[in-house]
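Subject: Structure for you to look at

Hello,

Here is the structure I said I would pass on. Please open it beside this email and follow along; my notes come after it.

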Amino acid sequence: MDLEKHPQQPTAPAEPDGIRASDADRDRIADILREAMAEGRLTADEHGERVDAVYRAKTVGELEPLVRDLPAPGGAATRPATAQYAHGSEETAGPADNLIAVFSSSTRRGRWRVGGRTNAFSLFGSVEIDLTEALFGQRLTVINATSIFGSVEIRVPENISLRGSGTGIFGNFEVVTLESGDPEAPVVVVNGYSVFGSVEAKPKRGKFIADLQDRLRKHLGH
């Protein structure tokens, strides 16, 4: 007996809210929250709770409710600090590393490969990023640091370039600027702000990238 044939039903597309969130999606929401706090629309506690939720979100649907009661920032989103310090066509594409400390501590040190972008968030906690023994896979490294009633501490070797742009609101934001004499030295840019907390980035005395000169000579063909 012939079986009745039924046309195959098309697969329904995934709901937009169920799409996995990208690092760019999270950064966009974090920028809106940052501007809202600066305008007084959010308290420091509210901002901290929402930013924590931003970097824990898995889907776009989890992100949008965090800014549903806030106005969109005027104009196209820009990142002046990153653009200012980028050289040539260098990009910080790729997934970001997220270090989050909420009533806790988070540390990254030792011999590890640094990505192009790192997000550090501290709420009543501490984040420590030690780059003195790290392996730089690209020339430009951007660290977005946020500290609310907490601390973010960044240490770099003395022979790289270190730059920064940020604000302290009843807190401290300090980046000790370095300019390496080597044109191929890594560049670390620290952006962000602190509220009743501290963000500090500076060189660690006596720490250097030991093979920087060897890599430079190899690159120049000497």
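Which residue's side chain meets that of glutamate 179 in a salt bridge? The partner is arginine 163, with 2.9 Å from N to O. Keep in mind that this is a predicted model. Glutamate 179 lies in the loop between strand 10 and strand 11, while arginine 163 belongs to strand 9, so the pair ties together parts that are 16 residues apart in sequence. The two ends differ in their surroundings: glutamate 179 is exposed, with a relative accessible area of 52%, whereas arginine 163 is buried, at 11%.

**Other salt bridges**

The count of salt bridges comes to eight. Some of them join up: Glu153, Arg155, Glu200 and Lys202 are linked in a network. Within this network, glutamate 153 and arginine 155 meet through their side chains at 3.7 Å, N to O. Arginine 155 also forms a salt bridge with glutamate 200, where the closest N and O atoms are 2.6 Å apart. That second pair links distant parts of the chain, since arginine 155 is in strand 8 and glutamate 200 is in strand 12 (residues 198-203), 45 residues apart. Arginine 155 is buried, with a relative accessible area of 12%, and glutamate 153 is partly exposed, with 31%.

**The sheets**

One open sheet has five strands in the order 1-4-7-11-9, with parallel pairing. Strand 1 (97-102) and strand 9 (161-169) are at its edges; each has a single partner strand, so one side of each is left without a neighbour in the sheet. On average, neighbouring strands here are turned by 10° against each other, direction ignored. Inside this sheet, strand 7 (residues 140-148) pairs with strand 11 (residues 187-195) in the parallel sense over nine bridges. Leucine 140 stands opposite valine 187 of strand 11.

Another open sheet, also of five strands, runs in the order 2-5-8-12-10, and its pairing is parallel. Its edges are strand 2 (105-108) and strand 10 (172-175), each with a single partner strand, so one side of each has no neighbour in the sheet. Neighbouring strands of this sheet are turned by 10° on average, direction ignored. Strand 2 and strand 5 (residues 126-130) pair in the parallel sense over four bridges, and serine 106 has valine 127 in strand 5 as its bridge partner.

**Three residues to find**

Is threonine 118 buried or exposed? It is buried, with a relative accessible area of 4%. Threonine 118 is found in strand 4 (residues 117-123). Among the residues that threonine 118 touches, not counting those up to four places away in sequence, are Asp97, Leu99 and Val142.

Glycine 137 sits in the loop between strand 6 (135-136) and strand 7 and is exposed, with a relative accessible area of 52%. Leaving aside neighbours within four places in sequence, glycine 137 is in contact with Arg113 and Val114. The C-alpha atoms of glycine 137 and arginine 113 are separated by 6.7 Å, although the two are 24 residues apart along the chain.

Phenylalanine 149 lies in the loop between strand 7 and strand 8 (151-156). It is partly exposed, with a relative accessible area of 31%. Phe149 belongs to a nonpolar patch on the surface, together with Phe103, Phe124, Ile169, Phe170 and Phe196. The accessible area of this patch is about 630 Å² together.

Regards

Definitions and conventions
Residues numbered from 1 in each chain as written. Predicted model: local features only at pLDDT ≥ 70, side-chain atom pairs only at ≥ 80, totals over all residues. Heavy atoms only, no water. Pairing = 2+ DSSP bridges. Helix = DSSP H or I, 4+ residues; strand = E, 2+ residues; numbered from the N terminus. Axes fitted to C-alpha atoms, helices over the stretch in contact; angles between N-to-C directions. Buried < 20%, exposed > 50% of the residue type's maximum accessible area, 1.4 Å probe, protein only. Contact = heavy atoms within 4.5 Å. Patch = residues over 30% accessible without salt bridge, like charges linked within 9 Å, V, L, I, M, F, W, Y side chains within 5 Å. Areas by Shrake-Rupley, 256 points an atom, 1.4 Å probe, with all protein chains shown as cover. Salt bridge = Lys/Arg side-chain N within 4 Å of Asp/Glu carboxyl O.
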